Amino acid sequence: MGSRTHQFAAVAFEENLALRELLPHYPGARAGVREMQVQCDGGEMFLYPFGAIVFHDVPAERRDAELARLHKLRPGLTTQVVRESFTVREEPGAEVDIVSGTLVVDRFGPTRAAVVGLIVAQSAAMEYYERIVADLFARTTALVDPLEKSGSVPLQTRRLHQFIGQAIGTRSEVINVLTLLDKPDATWDDPALDRIYDDLRAEFDLVDRYGTLTQKLEGVQDALELVLDVARDRRMWLLELTIGLLIVFEVLLELLRRV
């Protein structure tokens, strides 16, 4: 048996996917804890609940058709998506290795394909969250700048509350997506698969990217809470000033009555 090349193409959406709701629309699909697997045109498609799809050896035309089908089954999916691709080369007798961005393996079965699909899906989802966090970081900087320049912030706190909620929600989603960093059970029974998993995780730099994301989100949350505290202190100062002025006003009225 000669060498063979396998192509993986991932698409990540903003929205999550409810696999249980989609399962009845894909006869013959296999649903697991982490993904739903669908056979198509000699290849396969993996659907993940965190909003990612990975095509393994599926022609471009069929990929487009499946994406169009998914948009009908799941109305409201964003058209702005993140795409990721990866190549696996199967060479009998070869040692597991990554050469010039391509994973080289001696054999490539369904279990290994599922692990590769998971990592590629994670990377695509990670890039999506990296874009969101970059936007949050930029918006946070815009809020902190007035505090640095004038020592004050706007009195309105409702938008700050909403912003903090968005940052916390994004952090929770990132954590949920990357609980996938826990090794699949299959890796414990296959040392080569365990190495494939570790090598791919390193190739896509998932651990460091995850660490950077969580640090940025923590920084955003801390900065927003600081701005919120300053805004609250300013409102409290204005409230105390107003109460003081009212007391002075009442004293003056009382004095006028006695005159």
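Two strands count as paired here if DSSP finds at least two bridges between them. With that in hand, take the hairpin of β3 and β4: two residues sit between the strands, and Asp-41 in the turn has a positive phi of about 50°. Keep in mind that this is a predicted model.

Let's step back to the whole chain before returning to that hairpin. The protein chain has six helices and eight strands, and from the N terminus on the elements go β-α-β-β-β-β-α-β-β-β-α-α-α-α. Of its 259 residues, 41% count as buried. If you look at contacts with a separation of 6 or more, residues 24 or more positions apart account for 69% of them. The chain exposes about 14,500 Å², and carbon and sulfur atoms supply 53% of that area.

Now for the sheet. It is an open one of eight strands, ordered β2-β3-β4-β5-β1-β6-β8-β7, with mixed pairing. The edges belong to β2 (30–31) and β7 (97–99); each has a single partner strand, so one side of each is left without a neighbour in the sheet. As a reminder, strands of a sheet pair through backbone hydrogen bonds, either parallel or antiparallel.

Start at the β2 edge and walk inwards. β2 and β3 run antiparallel and are joined by two bridges, with a hairpin of four residues linking one to the other. Ala-31 stands opposite Met-36 in β3. On the β4 side, the bridge partner of Met-36 is Leu-47, so to follow this part of the ladder you can go from Ala-31 to Met-36 and on to Leu-47. β3 and β4 also run antiparallel, joined by five bridges. As for burial, β3 is mostly covered, with four of its five residues buried.

At the opposite edge, β7 pairs with β8 (residues 102–105) in the antiparallel sense over three bridges. Here Val-99 stands opposite Thr-102 in β8. Helix α2 packs on the sheet, touching β1, β3 (36–40), β4, β5 and β6, and its direction makes about 155° with that of β5.

What does the geometry of α2 look like? At 1.5 Å a residue, the 14 residues of this helix (residues 60–73) should span 20 Å, and its end C-alpha atoms are indeed 20 Å apart, which agrees. Glu-66, Leu-67 and Leu-70 are buried in α2. Seen down the helix axis, the buried residues fall within an arc of 100°, so they line one face of the helix. Glu-61 and Lys-72, on the other side of α2, are exposed. The cover over the buried residues includes β1 (4–12), α1 (19–22), β4 (43–48), β5 (52–56) and β6 (82–90).

One more stop, further along the chain: Arg-209, which lies in helix α6 (residues 206–258). Is Arg-209 buried or exposed? Its relative accessible area is 14%, and buried means under 20%, so Arg-209 counts as buried. Which residues is Arg-209 in contact with, leaving aside its neighbours within four places in sequence? They are Ser-123, Met-126, Glu-127, Glu-130 and Phe-204.

Terms used
Residues numbered from 1 in each chain as written. Predicted model: local features only at pLDDT ≥ 70, side-chain atom pairs only at ≥ 80, totals over all residues. Heavy atoms only, no water. Expected span 1.5 Å × (residues − 1). Buried < 20%, exposed > 50% of the residue type's maximum accessible area, 1.4 Å probe, protein only. Arc of directions from axis to C-beta. Contact = heavy atoms within 4.5 Å. Axes fitted to C-alpha atoms, helices over the stretch in contact; angles between N-to-C directions. Areas by Shrake-Rupley, 256 points an atom, 1.4 Å probe, with all protein chains shown as cover.
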